[in-house]
Amino acid sequence: MRPWCLSEITLKVVRETGVPEVVVLPIGACEPHGLHLPYGADTYEAVAIAERACSIAYERGAKVLLLPAIPYGVDSNLLAFPMTIHVRQETLNQIVRDIVFSLERHGVYKLVLLNGHGGNDFVGGLRDLYGRTKVWIFLVNWWQVGSDKAKEIFEEVGDHSGEMETSVCMALIPDLVHLQDADDGAVRPFRMEALAKGWAWTTRPWERLTKNSGHGDPRKATAEKGERYISLIVERIADFLVTLAQTPIDEWFPFEPPK
């Protein structure tokens with residue numbers, strides 16, 4: 001039994017330990033990840049990273065609690081691939097909203113969403129919740145946590161099932177990685193310069209963009225690279241959880257008060 005993992009502890013333990021200062025909710029997806037990674041990659045990654053971060057934060061004295069994960073995400077642009085499971089963003093927002101109000105009833109006022117899927121976009125929903133609940137919600141996309149160091153570890157980071165994500169999976173779920181089946185992860189470029197430069201945006205139908213749903217070459221991925229990146233981001237997330245747990249909610253939270 002891990003005392004920081006809600007799905008493993010009992011009512012007796014919850015009553016004895018009291019209300020946590022921070023709860024963490026991992027969120028993933030169910031979608032293809034090239035020819036070499038499993039459909040549940042995003043969920044496996046988010047859960048494993050959350051587990052490591054919560055364990056470290058708990059050992060450092062933070063009253064942190066890990067919630068069961070949401071294993072589905074927004075995948076309308078991958079539905080052309082078999083067995084992709086798509087959940088609308090408004091559905092995810094509603095699930096998060098219901099969880100938030102449950103936490104508020106129990107006196108928990110700090111929630112961290114640890115997102116593992118790039119198609120999930122909670123920002124609008126979280127803005128809409130502001131002022132309707134006492135719970136402060138913080139969004140962390142795990143792959144962005146170490147973006148300043150990623151190019152020091154990976155030759156080509158990639159977007160989806162590329163070198164970085166494949167390396168992370170090789171470190172976390174090696175038995176579910178089939179690198180021998182991987183293709184080069186090549187993608188088709190946009191015709192319009194505005195889209196290529198990023199100041200215009202449109203949905204990317206993944207069957208048009210990619211060959212086999214992979215975006216980025218995974219063939220230079222290694223478990224050692226994955227572990228280096230995981231260690232970096234887990235340490236940063238754990239530090240955040242500890243600081244968040246220790247910071248009181250006052251009239252200026254989460255900002256520094258005026259001097």
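## A tour around helix H9

Start by selecting H9, which lies across E1, E2, E3 and E4 and runs at about 165 degrees to E3. Keep in mind as you go that this is a predicted model.

**Stop 1: the sheet under H9.** Colour the strands next. The open sheet has four of them, in the order E2-E1-E3-E4, with parallel pairing. Strand E2 (64–66) and strand E4 (136–141) are at the edges with a single partner strand each, so one side of each has no neighbour in the sheet. Looking along the sheet, you will find a twist that averages 20 degrees from one strand to the next.

Now zoom in on strand E1 (residues 22–27) and strand E3 (residues 110–115). These two run parallel and are joined by five bridges. If you would like one pair to label, pick Val-24, whose bridge partner in E3 is Val-112.

**Stop 2: H2 against H9.** Two packed helices are described by the angle between their axes and the distance between the axes. Show helix H2 (residues 41–59) together with helix H9 (residues 223–246): their axes come within 8 Å and cross at roughly 50 degrees. That crossing angle makes H2 oblique to H9. The handedness of the H2 and H9 crossing is right-handed.

For side chains, select Ile-49, Arg-52, Ala-53, Cys-54, Ile-56 and Ala-57 on H2. On the H9 side, the contact is made by Glu-227, Ile-230, Ile-233, Val-234, Ile-237, Ala-238, Leu-241 and Val-242. Colour this contact by residue class and you get 12 nonpolar residues, two charged and no polar ones.

**Stop 3: H6 against H9.** Bring in helix H6 (residues 163–172). The axes of H6 and H9 come within 7 Å and cross at roughly 90 degrees, which means that H6 is roughly perpendicular to H9.

Which residues meet here? From H6, take Glu-163, Met-164, Ser-167, Val-168, Met-170, Ala-171 and Leu-172; from H9, take Ala-223, Lys-225, Gly-226, Glu-227, Tyr-229 and Ile-230. The contact of H6 with H9 divides into eight nonpolar, two polar and three charged residues. Glu-227 and Ile-230 of H9 are worth leaving highlighted, since they are listed in the contact with H2 and in the contact with H6.

**Stop 4: the loop before H9.** Step back along the chain to the loop between helix H8 (206–209) and H9, where you will find Arg-219. Asp-217 is in the loop between H8 and H9 too. Draw a distance between the side chains of this pair: they make a polar contact of 2.9 Å.

Then look at what surrounds each one. Leaving out neighbours within four places in sequence, Arg-219 is in contact with Leu-179, Asp-183 and Asp-184. Leu-179 and Arg-219 are 40 residues apart in sequence, with 7.0 Å from C-alpha to C-alpha. Asp-217, not counting residues up to four places away in sequence, touches Glu-156, Gly-162, Glu-163, Asp-183, Asp-184 and Gly-185. Asp-183 and Asp-184 therefore appear in the contacts listed for Arg-219 and in those listed for Asp-217.

**Stop 5: two backbone details.** Most residues other than glycine have a negative phi, and most peptide bonds are trans. Select Met-83, in the loop between E2 and helix H3 (89–105). What is the phi of Met-83? Its value is positive, about 70 degrees, although Met-83 is not a glycine.

Finish in the segment after H9, at Pro-254. The peptide bond from Phe-253 to Pro-254 is cis, with omega near 5 degrees.

Technical notes:
Residues numbered from 1 in each chain as written. Predicted model: local features only at pLDDT ≥ 70, side-chain atom pairs only at ≥ 80, totals over all residues. Heavy atoms only, no water. Axes fitted to C-alpha atoms, helices over the stretch in contact; angles between N-to-C directions. Helix = DSSP H or I, 4+ residues; strand = E, 2+ residues; numbered from the N terminus. Parallel < 35°, antiparallel > 145°, perpendicular 65-115°, else oblique. Left-handed = near helix turned anticlockwise from the far one by under 90°. Contact = heavy atoms within 4.5 Å. Nonpolar A, V, L, I, M, F, W, Y, C, P; charged D, E, K, R; others polar. Pairing = 2+ DSSP bridges. Polar contact = N/O pair within 3.5 Å; in protein donor to acceptor, adjacent residues only side chain to side chain.
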